[in-house]
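Got the model loaded and a selection tool handy? Let's walk through it stop by stop.

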Amino acid sequence: MILLEFRNKIIEELLIQRFKSAAGGKPEGVDITVADFDGVLFHVSNPDGDKNRIRISISLKFYNDLQQHGADGYLQSVYGDLMIGDVESSYDISLEVSLENLPSNPDELAKKIALLKRNCFASVFEKYFDVQSKGGEKSTAIVHYREQETMYVSAQKDRVTVIFSTIFTDDDDVIIGKVFMQEFKEGRRGSQTAPQVLFSHAEPPQELEGTDALTGANVGYITFVLFPRHFKDPATREKTINLIHTFRDYLHYHIKCSKAYLHSRMRARTTALLKVLNRARPEVKVTEKKTISGRTFRK
């Protein structure tokens, strides 16, 4: 299976190209809007038309939910002076880079900025990983990351539970989704260090009693049970956040790929059967006969 990029490659490559142009003494203008998963929008521009400054803004429909769990403080700790208080209109966070004062390794700066969406999500996970290390609490973070789809994060004494609710638009998606979840369960048998993965259909798990969790035939809930070993050191914590915050997109991407593969196989099989039928069509035999007068006719 393919793991989706957890940073925005378009933003990264765009910034690297603009940094190289500035290093060559020819800064270029930019005004680009980039869409990402979960309805996220980036806007890269030159504030006040100044080609020596690049502003990167991000809009998340669910940023208010993230703010309740320390998103502003976490982003400030990650980006420092790059964050500006004068946020671009209609956006939630703005970063600004001066092309006249680039670091010695500008490619790393481009990668860091391309992780902006990921770091917005990371604020919630970082908070509850720390809460678990202190003994846990009863509160649950609720992030409505898409319309009618929600992420729930809670911390207990011995674990952190992450639950994704997702909407399946087709009945076929539910069946394929169940197959994927079964594969996750089977995969855990081969790796005892993998987190426990649970899947429930139509009804929310017990952990969501008393919340706004939806019910219905096209609603699915995926639960990840993370133990301290999954976030005990910085490197492991980073990897866990990178993988889990893209899980919803990962699941639906592979469901669509599976359907496309099945359709291609069905079309190939249909083409093969048509060839067989064409070969099985009986040939029409044409015979020639002559009359007494010597005339020829075909029968």
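Start by selecting histidine 230, which sits in the loop running between β9 (219–226) and α7 (234–244). Keep in mind that you're looking at a predicted model. Is histidine 230 buried or exposed? Its relative accessibility is 9%, so histidine 230 counts as buried. Show its surroundings, leaving out residues up to four places away in sequence, and you'll find contacts with Thr193, Ala194, Pro195, Val225, Thr236, Arg237 and Thr240.

**The sheet with β9 in it**

Now select the strands in the order β5-β6-β7-β9-β8: they form an open sheet of 5 strands with antiparallel pairing. β5 (140–146) and β8 (196–201) are the edge strands, each pairing on one side only. Ignoring direction, neighbouring strands here are turned by 15 degrees against each other on average.

Go to β7 (residues 160–167) and β9, which run antiparallel and are joined by 8 bridges. If you want one pair to label, take valine 162, which stands opposite phenylalanine 224 in β9. Next bring in α5, which packs on the sheet and touches β5, β6 (149–155), β7 and β9. The direction of α5 makes about 25 degrees with that of β6.

While you're in β6, pick threonine 150. With a relative accessibility of 6%, threonine 150 counts as buried. Beyond residues up to four places away in sequence, threonine 150 touches Ile142, Val143, His144 and Tyr145, and also Ile163, Phe164 and Ser165.

**Into the core**

In soluble globular proteins, nonpolar side chains tend to be buried together. Which residues touch the most other members of the largest nonpolar core? Select Leu66, Phe125, Met151, Val153 and Val162: they hold that place in a core of 68 residues. The element that gives the most to this core is α5, with 9 residues. Apart from the largest core there is another one, of 7 residues, including Tyr152, Ile163, Ile167 and Leu208.

Zoom in on phenylalanine 125 next. Setting aside residues up to four places away in sequence, phenylalanine 125 is in contact with Met151, Val153, Val162, Ile241, Ile244 and His245.

**A cysteine check**

How many disulfides turn up in a search of the whole structure? The search finds 0. Colour cysteine 120 and cysteine 257 anyway. Cysteine 120 is at 0% relative accessibility and so counts as buried, while cysteine 257, at 35%, counts as partly exposed.

**The other sheet on the tour**

Select β1, β2, β3 and β4 and you have an open sheet of 4 strands, ordered β1-β2-β3-β4, with antiparallel pairing. Its edge strands are β1 (31–35) and β4, and each of these pairs on one side only. From one strand to the next, the twist averages 15 degrees.

β1 and β2 pair over 5 bridges in the antiparallel sense, and isoleucine 32 stands opposite valine 44 in β2. Follow the chain through the hairpin of β1 and β2, where 5 residues lie between the strands, and stop at aspartate 38: its phi is positive, near 65 degrees.

Now look at β2 (residues 41–45) from its β3 side, where antiparallel pairing again runs over 5 bridges. Leucine 41 has serine 59 as its bridge partner in β3, and serine 45 stands opposite arginine 55 in β3. Strand β2 is mostly covered, with 4 of its 5 residues buried.

**Down the axis of α4**

Turn to helix α4 (residues 106–114) and highlight Leu109, Ala110, Ile113 and Ala114, which are buried. Now rotate until you're looking down the axis of α4: the buried residues fall within an arc of 135 degrees, so they line one face of the helix. The general rule behind such patterns is that an α-helix has 3.6 residues a turn, so residues three or four places apart point the same way. What do the buried residues of α4 pack against? Show α1 (9–23), β3 (53–59), α3 (71–79), β4 (93–98) and α5 (116–133), and you have their packing partners.

**Last stop: glycine 187**

Finish in helix α6 (residues 171–190), where you'll find glycine 187. Glycine 187 has a relative accessible area of 40%, so it is partly exposed. Draw a C-alpha to C-alpha distance from glycine 187 to valine 197: the two are 10.0 Å apart in space and 10 residues apart in sequence.

Terms used. Residues numbered from 1 in each chain as written. Predicted model: local features only at pLDDT ≥ 70, side-chain atom pairs only at ≥ 80, totals over all residues. Heavy atoms only, no water. Helix = DSSP H or I, 4+ residues; strand = E, 2+ residues; numbered from the N terminus. Buried < 20%, exposed > 50% of the residue type's maximum accessible area, 1.4 Å probe, protein only. Contact = heavy atoms within 4.5 Å. Arc of directions from axis to C-beta. Pairing = 2+ DSSP bridges. Axes fitted to C-alpha atoms, helices over the stretch in contact; angles between N-to-C directions. Core = buried A, V, L, I, M, F, W, Y, C linked by side-chain atoms within 4.5 Å. Disulfide = S-S within 2.5 Å.
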